[in-house]
Number of protein chains: 2
Amino acid sequence: MSEAAEPAARRGRPGYDQATVLRRAIELFNRQGYDGTSMGDLAAELGLSKSAIYHHVPSKSHLLEQALHEALDELTTLVETAVDESTGTAYERLREVVRESVRVLVAHQDAVTLLLRVRGNGEVEQEALARRRWIDARLAELVAAAVEEGALRADVAPDLVSRLLFGMVNSLVEWYRPGGAVDTDVLSHAITTIAFDGLAAHRA
Amino acid sequence: MSEAAEPAARRGRPGYDQATVLRRAIELFNRQGYDGTSMGDLAAELGLSKSAIYHHVPSKSHLLEQALHEALDELTTLVETAVDESTGTAYERLREVVRESVRVLVAHQDAVTLLLRVRGNGEVEQEALARRRWIDARLAELVAAAVEEGALRADVAPDLVSRLLFGMVNSLVEWYRPGGAVDTDVLSHAITTIAFDGLAAHRA
């Protein structure tokens, strides 16, 4: 496709493709808060003038929407797979969705960090919160189904298990550094082991 | 003590004692970010003029410092107790510090929420991060000691266990509501059970 044939808002200026603009915007939102970031700040970050930034992105909320979709789309697909009863027992599907959600969080760490800070200001954030609630509800149902099967202990309420389990998973965005001492497989093994098998040696 | 004898900066104006000013400031910092909150915003929140607010607090960073001390002081005391080898095995002390840290997080939830968002801008935040690192290092050592004792499984690195364990504990500030469906004892039982004994029924 020739450069002229592609709309300017989607194409980006030389040196900045759309993926780069989004990545830099997410980093900036995480650093100084979405509400505390202006289009002027983003332009400065990219070394562009305040008017040139609008050749790259129509609005700040458009970037937020793209970032939150990046964070949510794969997680949603994972959860859809996890609730499909034809793919295994509830216990197996829960363990798999925990393991896989670690992979997705690491792959989209900055976008997920932004998602976890969303408090519901405006339509874009409200939509993201609604999608998080849908995910949380499906995961709590999956925990309940695994308890029902007899595979999970019944003395902790499924809602609470679900919150704490994914609280542990989500906490990795605060400190995990890709390419650091801990690789993704080690990390997802550690999380599933702690959560399902426990830390105590006599239970291993 | 007569009103005149007490310094104005410590006393507070009628209707606002120092504890109330601090609590409202912490709420505001959590809602709109510390950097995004001015002394004028805090004055407006309290229904005071911009000049009257300085009768209550000398500066915004003074409030931040008090808030971070509130979050850190009891946790530090807990960890000091936990590293005292005379009080039990490393396993017992680790389990106890997990249980007790839930109680402290619930009691100081807003201050801890603020602490967990601190990124190290300025001296007050740097000091808080240094205190967090001290706590994290002692907890990782305690995990290592419990592995050494043979009480904790050895196939997950102590640093990683410590991060994930307290990642799960810290995650409660995102959703826990005192007086809601889950009481503090149920919550700390759930966290210690999941972490040490695991969710799987056949291990219970």
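By what turn and what shift along the axis can chain A be laid on chain B? In this predicted model, a turn of 180° does the job, with a shift of 0.0 Å along the axis and an RMSD of 0.0 Å. That is how copies sit around a two-fold axis, so the two chains are related by one here. The same surface is used by both copies, too: 100% of the contact residues of chain A turn up again in chain B.

On to the surface between the chains. Here 32 residues of chain A are in contact with 32 residues of chain B. Two helices of chain A, H9 (158-171) and H10 (184-197), each put at least two residues into the side that touches chain B. H9(A) gives the most, with eight residues. As for chemistry, this side of chain A splits into 19 nonpolar, eight polar and five charged residues.

Within a single chain, the domain assignment divides chain A into domain 1 (3-58) and domain 2 (61-203). Between the C-alpha centres of these two domains of chain A there are 30 Å. The domains do touch: ten residues of domain 1 of chain A are in contact with ten residues of domain 2 of chain A. On the domain 1 side of that contact in chain A, seven residues are nonpolar, one is polar and two are charged.

Helix H7 of chain B, residues 109-117, shows how a helix can be packed in this model. Its buried residues are B:Ala111, B:Val112, B:Leu114 and B:Leu115. Because they cover an arc of only 155° around the axis, they end up on the same side of H7(B). The cover over these buried residues of H7(B) includes four other helices of chain B: H2 (18-32), H5 (60-82), H6 (90-107) and H8 (122-148).

That leaves the nonpolar core. The largest one has 118 residues, and A:Ile191 and B:Ile191 are the ones with the most contacts inside it. Leaving aside residues up to four places away in sequence, A:Ile191 touches A:Val98, A:Val102, A:Met168 and A:Val169, as well as B:Leu164 from the partner chain. A:Ile191 falls within the span of H10 (184-197) of chain A, while A:Met168 and A:Val169 fall within that of H9 (158-171). These are the two helices named above for supplying residues to the side of chain A that touches chain B.

Note on methods:
Residues numbered from 1 in each chain as written. Chains lettered and ligands numbered in written order. Predicted model: local features only at pLDDT ≥ 70, side-chain atom pairs only at ≥ 80, totals over all residues. Least-squares fit on C-alpha atoms with pLDDT ≥ 70 in both. Contact = placed C-beta atoms within 7 Å. Nonpolar A, V, L, I, M, F, W, Y, C, P; charged D, E, K, R; others polar. Domains from an automatic or database assignment. Buried ≥ 20, exposed ≤ 12 C-beta atoms within 10 Å, placed from the backbone. Arc of directions from axis to C-beta. Core = buried A, V, L, I, M, F, W, Y, C linked by C-beta atoms within 7 Å.
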